[in-house]
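These are my notes from going through one model strand by strand, and then pocket and ring by ring.

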Amino acid sequence: QVQLVESGGGLVQAGGSLRLSCAASGTVFRINDMGWYRQAPGKQRELVAGITSGGSSKYADSVKGRFTISRDNAKNTVLLSMNSLKPEDTAVYYCSAAISRYRFDASSAYWGQGTQVTVSS
């Protein structure tokens, strides 16, 4: 079994900061790409930021310059530092990772349970 457990969401005023953390546990041989997605009420889930195992990252245009994704491969974790938060950043944020549980296995996508981020104006 593999689990992704997120933490760090909450309520913050506009202009504030939050840091989300996601840790993978269970039988993990290798983690390839990791990322953060979000889904606001009535909207589709969207990619916020992604990072490869080598550290290359990409961001949604709406968060560039405000959010930073990072990972600690030794701890199987991925972080999302969010600064200058806006009310439109309000959503449930989900962690995702492409994980191979055993050597030579193809990777499968795993998702966390989601953490609520609410930005008040």
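Entry 1, the partners of β11. I looked up V92 first and found that its bridge partner in β11 is Q116, and for A91 I noted V117 as the bridge partner in that strand. These belong to the pairing of β9 with β11, which is antiparallel and runs over three bridges. I should record here that the model is a predicted one, and that the values below are computed from it.

I then turned to β2, residues 10–13, which pairs with β11 in the parallel sense over four bridges; within that pairing, G10 has V117 as its bridge partner. V117 is thus listed as bridge partner both of G10 in the pairing with β2 and of A91.

Entry 2, the faces of β11. Which side chains of β11, residues 115–120, are buried, and which are not? I found an alternation along the strand, with T115, V117 and V119 pointing to one face and buried, whereas Q116, T118 and S120 point to the other face and are not buried. Q116, the partner of V92, is therefore on the face that is not buried, taking buried as under 20% relative accessible area.

Entry 3, the surroundings of β9. I followed β9 to its other neighbours and found that it runs antiparallel to β4, with eight bridges joining the two; in this pairing W36 has C95 of β9 as its bridge partner. β9 also runs antiparallel to β10, residues 108–111, and four bridges join them, with W111 of β10 as the bridge partner of S96. Why do I call β9 largely enclosed by the rest of the structure? I do so because nine of its ten residues are buried.

Entry 4, the largest pocket. I noted about 180 Å³ of space in the largest pocket, and two or more lining residues come from each of β4 (30–39), β5 (46–51) and β9 (91–100). The lining holds 13 residues, and D33, M34, G35, Y37 and G50 lie nearest the centre. β4 gives the largest share of the lining, four residues, and by class I recorded seven nonpolar, four polar and two charged residues.

Entry 5, rings and a charge. I looked up R45 and found it over the face of Y94, at 3.8 Å from the ring centre, while the charged end of R45 also sits over the ring of W111, 4.8 Å from its centre. For aromatic pairs, my count came to one.

Notes
Residues are numbered from 1 along each chain as its sequence is written. This is a predicted model: local features need pLDDT of at least 70, side-chain atom pairs count only at pLDDT 80 or more; totals for chains, interfaces and linings use all residues. Side-chain values use heavy atoms; hydrogens and water are left out. On a 1 Å grid over the protein atoms alone, a cavity is a set of points where a 1.4 Å probe fits but cannot get out, and a pocket is an open set with protein on both sides within 12 Å along at least five of seven lines; lining residues have an atom within 4 Å of a point. Grid points are joined across faces, edges and corners, and a volume is the space filled by probe spheres set on the points. Ala, Val, Leu, Ile, Met, Phe, Trp, Tyr, Cys and Pro count as nonpolar, Asp, Glu, Lys and Arg as charged, and the others, Gly among them, as polar. Buried means under 20% relative accessible area, exposed over 50%, partly exposed in between (1.4 Å probe, protein chains only). Two strands pair if DSSP finds at least two bridges between them. Rings of Phe, Tyr and Trp (its six-membered ring) pair if their centres lie within 6.5 Å; planes under 30 degrees apart count as stacked, over 60 as edge-to-face and the rest as tilted. A charge sits over a ring if NZ of Lys or CZ of Arg is within 6 Å of the ring centre and within 35 degrees of the ring normal.
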